[in-house]
Amino acid sequence: MIYTKYSPEIIDKILSYTSISNKQKIDRLLEIDAYQYCNLGIDSTKTEKEEVKKNSRTIYRAISKIDYPTGKLFLEHQDK
């Protein structure tokens with residue numbers, strides 16, 4: 001199943017899956033993150049860009065719940 005839109009419910013749903021591996025969960029979360037950034041353009045407002053960054057932070061925190069070192073790296077990189 002491919003997720004393209006961000007929502008907190010989808011993040012929680014992915015985290016609760018027991019039928020897929022942790023790597024697959026992380027891949028799905030990163031797919032959502034990438035989709036968000038791909039839909040930003042030069043005409044995107046500052047508010048839209050900030051919302052995507054906030055959503056990414058939520059996604060990276062979810063990744064931290066699965067694999068702490070990886071999630072921490074994403075969070076640290078985003079802060080730079």
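A nonpolar core is here a set of buried Ala, Val, Leu, Ile, Met, Phe, Trp, Tyr and Cys residues that are joined through side-chain atoms within 4.5 Å. The views below are all drawn from a predicted model.

**View 1. The largest nonpolar core and the helices that build it.** This core has 14 residues, and those with the most contacts inside it are Ile 11, Ile 14, Leu 29, Ile 32, Ile 59, Tyr 60 and Ile 63. Two or more residues are given to the core by each of α1 (8-16), α2 (22-38) and α3, and the largest share, five residues, comes from α3. In soluble globular proteins, nonpolar side chains tend to be buried together.

**View 2. Surroundings of Ile 63 in helix α3.** Ile 63 lies in α3, which spans residues 46-66, and its relative accessible area is 0%, under the 20% limit, so Ile 63 counts as buried. When residues up to four places away in sequence are not counted, Ile 63 touches Ile 26, Leu 29, Leu 30, Tyr 68, Thr 70, Gly 71 and Phe 74. Leu 73, which is 10 residues from Ile 63 in sequence, is 10 Å from Ile 63 in space, C-alpha to C-alpha.

**View 3. Packing of α1 against α2.** The two helices pack at an angle of about 165°, with their axes 9 Å apart; because angles over 145 degrees count as roughly antiparallel, α1 and α2 are roughly antiparallel to each other. The contact is made by Ile 10, Ile 11, Ile 14 and Leu 15 of α1 together with Lys 25, Arg 28, Leu 29 and Ile 32 of α2, and by class it has six nonpolar, no polar and two charged residues. The crossing in which α1 passes α2 is right-handed.

Conventions. Residues are numbered from 1 along each chain as its sequence is written. This is a predicted model: local features need pLDDT of at least 70, side-chain atom pairs count only at pLDDT 80 or more; totals for chains, interfaces and linings use all residues. Side-chain values use heavy atoms; hydrogens and water are left out. Helices (H or I, at least four residues) and strands (E, at least two) are DSSP runs, numbered from the N terminus. Buried means under 20% relative accessible area, exposed over 50%, partly exposed in between (1.4 Å probe, protein chains only). Contact means heavy atoms within 4.5 Å. Axes are lines fitted to C-alpha atoms, for helices over the stretch in contact, and angles run from 0 to 180 degrees between N-to-C directions. Angles under 35 degrees count as roughly parallel, over 145 as roughly antiparallel, 65 to 115 as roughly perpendicular and the rest as oblique. A crossing is left-handed if the near helix is turned anticlockwise from the far one by less than a right angle, and right-handed if clockwise. Ala, Val, Leu, Ile, Met, Phe, Trp, Tyr, Cys and Pro count as nonpolar, Asp, Glu, Lys and Arg as charged, and the others, Gly among them, as polar.
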